[in-house]
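User: I would like a close look at one part of this structure, followed by whatever can be said about the empty space in the rest of the model.

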Amino acid sequence: MNDAELKQKIAEIKTGGAEKYHARIKEQGKMFVRDRLDYIVDEGTFVEDGLFARHLDDGLPADAVVTGIGKVDGRPVAFVGNDMTVKAGTWGVRTIEKIMRTQEKALQLKIPIVYFIDSAGARLDEQFQTFLDRRHAGKIFYNIGVSSGVIPQISAIFGPSPAGSAYLPALTDMIIMVDKNTSVYIGSPRMAAMVTGEQVSMEDMGGARMHCAESGLGDMLVPDDKAALEAVKDYLSYFPQSYLGQPPALEPNAPIEGREIDEIVPEDQSEAFDMYELIDRIIDEGSFFEFKELYARELITGLARMNGRVVGILANQSMVKGGVLFPNSADKGAHFMQLCNAFNIPLLFLTDVSGFMLGAQVERQAIIRRGAKMLSALFNCTVPRISVIVRKAYGAGYVAMSGASSQSDACIALRQGKPAIMGPEAAINAMYLRRINEIEDERERMKFTMQKRAEYLRNIQVWGPANELFIDMVVPGDQLRDELINRFELYSEGRKPEDKLVDRRNVVIRG
């Protein structure tokens, strides 16, 4: 084979499968795997490994997976991309070996790894060559676990990810799903019908929207392949190459113009307001990258920049379920905190919470166990943490949102702050129920109750805790952004990532 023939052979392999399979993915609105790589990788920087895997086997160019390293915005990133035009992107003997080698190289080089997932799963006709041994498929999952909290691991799911292969994205830090094309499930609808008799559609069983809004497996829902690729690029821009680095800083940008914070936050602790509006007033304009936007929406989580520097934000959203913490929001918060802590991203908590939800339903959903997971994630954080008591901060919600007792670097407050064990309604009921029941006249009973609630509210104003040094600072709303920028800069001094042990605190565990 001369050079001309070699180049022809390379071109043939890179073409992938037959034209009819290319036509099929186009009909689905999907991009060819190599086009996805061309879109996201800096031009001319992709170095491919394993191109000739199984090139002598008819119909298996590259064994249905493209692997290698390229640069994204000048930074090296490892890629594993299923080729759906070759045997439906299934995993064969060399597919698995290529994936493992890329994982091992990413870990060795301490660089992020991105998975482009679009596969019908493992090949049953090769199961004895791919399933049982030490370098068979299970080692792929092992490698992800070992890499957790060491290098960023991102999954962009463009199509199916069934059965055992569904655990690949589930083990990574971030999952981006394409609406209407993504499907992730342990057993297909056909298999479910056979085993359990259940009749369910593919979308309801494992569709992208279901996973992003209900199961919590998906972290971001996007409309198409290009949006997914842009989301991968954006996500990477907030992260260091590994746990040993610092998040990349950008040029500072002013926040979006709008109402002042003092206008945004109501005095009445029971009046809902949009926490997104407050977030916009303290972060650099256009910098908010939301994490799990559709899931457990009572807790907002996302990455942002303040004066060009990356922070992770957890904020209670009173417009959804009153901002109360539920089992799902506890899982969401735990996952996000672990992610930020692993990669040296400081955490900002914007607190407006009456606590964890109570009742038989949430007890059955393990509110205590899942709330404890959120608390454990918080207590094991080593990055700078600042808690802002925006308004109410009651009970265990105060602790879970990094109040002073959770050993945050600072617990500051707006003047509307109200930290307490519980809110006025529950507190007055607990303290005066017998006396209230003894008042026969309904109007007198209501008058007494409202009077006691008003007294209680006055007693839990932020001024008392500030007087006792429980609160580090009460900040005017128009000075909050500058206060946070200065504090994060100061608290980041002396924290060296290279001194941090890669231990269980560094592992990112999906909720």
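Which residues make the nonpolar surface patch of about 310 Å²? Please take that part slowly, then go on to the cavities and pockets.

Analyst: The model is a predicted one. The nonpolar patch on its surface is formed by M1, L6 and F52, and covers about 310 Å². Of these residues, L6 sits in helix α1, which runs over residues 3-15. Why can L6 belong to a surface patch? Its relative accessible area is 32%, so L6 counts as partly exposed, and a patch takes residues with over 30% relative accessible area and no salt bridge.

A second leucine has a similar entry. L171 belongs to helix α7, residues 167-171. With a relative accessible area of 34%, L171 is partly exposed. Its C-alpha atom lies 9.5 Å from that of I154, and 17 residues separate the two along the chain.

Now the enclosed space. There are four cavities of 30 Å³ or more in the structure, and the largest of them has a volume of about 80 Å³. The lining of this largest cavity consists of V80, N82, W91, I99, Y115, F116, I117, S119, P160, S161, S165 and L168. Strands β3 (75-82), β4 (113-117) and β6 (160-162) are the elements that each give two or more residues to that lining. The biggest share is from β4, with three residues. By class, the lining of the largest cavity holds eight nonpolar and four polar residues, and no charged ones.

The open space is described in the same way. The largest pocket has a volume of about 590 Å³. It is lined by 24 residues, and those closest to its centre are G121, A122, L124, A163 and G164. Helices α5 (127-130), α6 (138-147) and α8 (189-196) each supply at least two residues of the pocket lining. Here α8 gives the most, with three residues. The lining of the largest pocket is made up of 14 nonpolar, eight polar and two charged residues.

To put the two linings side by side: strand β4 gives the most to the largest cavity, while helix α8 gives the most to the largest pocket. Charged residues are absent from the cavity lining, whereas the pocket lining has two.

Technical notes: Residues are numbered from 1 along each chain as its sequence is written. This is a predicted model: local features need pLDDT of at least 70, side-chain atom pairs count only at pLDDT 80 or more; totals for chains, interfaces and linings use all residues. Side-chain values use heavy atoms; hydrogens and water are left out. Patches are made of residues with over 30% relative accessible area and no salt bridge: like charges are joined within 9 Å, nonpolar side chains (Val, Leu, Ile, Met, Phe, Trp, Tyr) within 5 Å. Accessible areas come from the Shrake-Rupley method with a 1.4 Å probe; for residues, only the protein chains shown count as cover. A salt bridge is a side-chain nitrogen of Lys or Arg within 4 Å of a carboxyl oxygen of Asp or Glu. Helices (H or I, at least four residues) and strands (E, at least two) are DSSP runs, numbered from the N terminus. Buried means under 20% relative accessible area, exposed over 50%, partly exposed in between (1.4 Å probe, protein chains only). On a 1 Å grid over the protein atoms alone, a cavity is a set of points where a 1.4 Å probe fits but cannot get out, and a pocket is an open set with protein on both sides within 12 Å along at least five of seven lines; lining residues have an atom within 4 Å of a point. Grid points are joined across faces, edges and corners, and a volume is the space filled by probe spheres set on the points. Ala, Val, Leu, Ile, Met, Phe, Trp, Tyr, Cys and Pro count as nonpolar, Asp, Glu, Lys and Arg as charged, and the others, Gly among them, as polar.
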